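Student: I would like a close look at one part of this model. Please take me through the enclosed space inside, then through a single residue and its surroundings.

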Amino acid sequence: MKTPKSLLVVAPHPDDEAIAAHALVARLRRRGVAVQVLVVTDGRASHPGSVAWPRARLVAERRRETRGAMRRIGVAAGAVTFLNLPDGDLAAHAGKVRHGIGRAAARVPRPAAALVPAIHDDHPDHRVVAACAARVAVPGLHWFAYPVWPAGNRLPGAKPMPLTAQERLAKRHAIRRYATQTGRITDDPAGFTMTRAQIAAFSRPQECFVAVRR
């Protein structure tokens, strides 16, 4: 990926931005590249049975986790936008997803790169985001797909960006700081918690992106 003037990272859920491109974002910010992050869902569906973490508290904390992780690598809070759409139900809100992505894409300085999940990702919300982004065409904006689920998935034709040992460690620590997703919430047995194997897969020695053909 050539160095763009700006980068847009489209994350279906709060934490996908770090899983997808923590090292890339850090590198580009050090080079002075403007980075915008668009988080599509509110993240409320990860622990629906938690009494200690009702919807409002969980959504607020997941936003705080995202802003904190991005701030540490040079992305200010004002550069992170939350569409606040229902986690787990994006298929019913595809129009709003497409509109939100379109608005974000139109605002970034160009030439620009934009990152979205792979169209065949295992998570249905990710597939909705990918399909909606495919319908957004902005001159001077080049789209790239990234893998999330299953953890450790590799995209055909992707060009890996090797990470240094320091970048890999920083990414692993960043993912663990999304504490609502890595074990902090303990009163919902059916809730989502990343396993150690998944965290290791997400912080592998490279980040992978593949150009999206249009």
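Tutor: A search of the whole structure, which is a predicted model, turns up 1 cavity of 30 Å³ or more. The largest cavity holds about 100 Å³ of space. Its lining is made up of 14 residues. Closest to the centre are Ile 19, Pro 147, Lys 171, Phe 202 and Arg 204.

Now the elements behind that lining. Helix 1 (16–30), helix 6 (196–202) and strand 7 (206–211) each supply at least two residues. Strand 7 gives the most, with 3 residues. By character, the lining of the largest cavity divides into 8 nonpolar, 3 polar and 3 charged residues.

Next, the single residue. Thr 41 sits in strand 2, which covers residues 34–41. Is Thr 41 buried or exposed? Thr 41 has a relative accessible area of 1%. Buried means under 20%, so Thr 41 counts as buried.

Look at where its side chain goes. The side chain of Thr 41 reaches the backbone oxygen of Pro 12 at 2.8 Å. The side chain of Thr 41 also reaches the backbone nitrogen of Gly 43, at 3.4 Å.

Then the wider surroundings. Leaving aside residues up to four places away in sequence, Thr 41 touches Pro 12, His 13 and Pro 14. Thr 41 also touches Asn 84, Leu 85, Pro 86, Asp 87 and Leu 90. Asp 125 completes the list of contacts. Pro 12 thus appears twice: in the contact list of Thr 41, and as the residue whose backbone oxygen the Thr 41 side chain reaches.

Notes: Residues numbered from 1 in each chain as written. Predicted model: local features only at pLDDT ≥ 70, side-chain atom pairs only at ≥ 80, totals over all residues. Heavy atoms only, no water. Helix = DSSP H or I, 4+ residues; strand = E, 2+ residues; numbered from the N terminus. Buried < 20%, exposed > 50% of the residue type's maximum accessible area, 1.4 Å probe, protein only. Polar contact = N/O pair within 3.5 Å; in protein donor to acceptor, adjacent residues only side chain to side chain. Contact = heavy atoms within 4.5 Å. 1 Å grid on protein atoms, 1.4 Å probe; cavity = no way out; pocket = protein on both sides within 12 Å on 5 of 7 lines; lining within 4 Å. Points joined across faces, edges and corners; volume = space filled by probe spheres on them. Nonpolar A, V, L, I, M, F, W, Y, C, P; charged D, E, K, R; others polar.
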